[in-house]
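Hi,

Here is the structure I said I'd pass on. Have a look at it first, and my notes follow below.

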Amino acid sequence: METEVITILLIEDSDTDAQAFRFQIVKNPRLQDANITIVHKRSIDEAMQWLSSSASPYLICVDLGVPGMSEQSWKSVLNQFSKFVPLDSVIVLTGHDSTSVLYRSLEKAVGAENLFKKEAVWSQQDAMLDTIQKIFANRSSGNSRVIQMEYRDWETNLDRSEEHT
């Protein structure tokens, strides 16, 4: 019996960081039994083109600093991703401090367990692998919650929640 291919869409503009991520995931003993394929794209535009013409991945891992994703556009980008995967299947890597308004907003959007400071990914390897395994399990069992909101509704909800923090 052939095992299911688990596709991860990695959106990272640094080839070095992408290679390190690939090695961390594919070569990790905790995931050795999984049939994982990592599709690497260097920008949001490349990723959206791939998503539009391919089967939906199990998860999307995106660096907040890639071309096409910025502090201003991240809500719109995540809204676009939600057409292909549930938002709890998106991992965001950021260089922002955990006390920043942007970090807290991202945390509310994708969940604290799906947000990692980019420079801490290697020191938080177990936490990231736990998150990836949880996403795989949820997607395989059909338990993943699907969140699809219009950008204007999302922006309104997040702006309201930011006012109270």
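Strand E5 (residues 115–117) runs parallel to E4, and 3 bridges join the two. Strands here count as paired if DSSP finds at least two bridges between them. One position to look at is Leu93, which stands opposite Phe116 in E5. E4 also pairs with strand E3 (residues 59–63), in the parallel sense and over 4 bridges. Leu93 turns up here too, as the bridge partner of Asp63. To get from E3 to E4 the chain passes through helix H3 (residues 74–81), and this β-α-β crossover is right-handed. That means that, with the strands pointing away from you, the path from the first strand over the helix to the second runs clockwise.

Before I go on: this is a predicted model, where local features need pLDDT of at least 70 and side-chain atom pairs count only at pLDDT 80 or more, while totals for chains, interfaces and linings use all residues. Residues are numbered from 1 along each chain as its sequence is written, and side-chain values use heavy atoms, with hydrogens and water left out.

Back to E4. The strand spans residues 90–94, and 5 of its 5 residues are buried (under 20% relative accessible area; exposed is over 50% and partly exposed is in between, with a 1.4 Å probe and protein chains only). Val90, Val92 and Thr94 point one way, Ile91 and Leu93 the other. In a regular strand, side chains alternate between the two faces of the sheet. H3 is mostly covered as well, with 6 of its 8 residues buried. Among them are Trp74, Val77, Leu78 and Phe81, but also Lys75 and Asn79.

Some of those names come back in the largest nonpolar core, which has 27 residues; Val62, Leu78, Phe81 and Val90 have the most contacts inside it. By a nonpolar core I mean a set of buried Ala, Val, Leu, Ile, Met, Phe, Trp, Tyr and Cys residues joined through side-chain atoms within 4.5 Å. E1, H2, E3, H3, E4 and helix H4 (101–110) each give two or more residues to this core. Another core, of 20 residues, lies apart from it and includes Leu10, Ala18, Ile36 and Tyr58.

Tyr58 is also part of the 1 aromatic pair in the structure. Its ring and that of Phe136 have their centres 6.0 Å apart and their planes at 85°, so the pair is edge-to-face. (Rings of Phe, Tyr and Trp, the last by its six-membered ring, pair if their centres lie within 6.5 Å; planes under 30 degrees apart are stacked, over 60 edge-to-face, the rest tilted.) Tyr58 sits in the loop between helix H2 (44–53) and E3, and Phe136 in helix H5 (residues 125–141), 78 residues away. Both are buried.

Tyr58 also touches Thr7, a residue of strand E1 (residues 5–11). Thr7 counts as buried because its relative accessible area is 16%. Its other contacts (heavy atoms within 4.5 Å) include Thr37, Val39 and Trp50, leaving out residues up to four places away in sequence.

As for the whole protein, there are 6 helices and 5 strands, where helices (H or I, at least four residues) and strands (E, at least two) are DSSP runs numbered from the N terminus. Their order from the N terminus is β-α-β-α-β-α-β-α-β-α-α. Of the 165 residues, 44% count as buried.

Cheers
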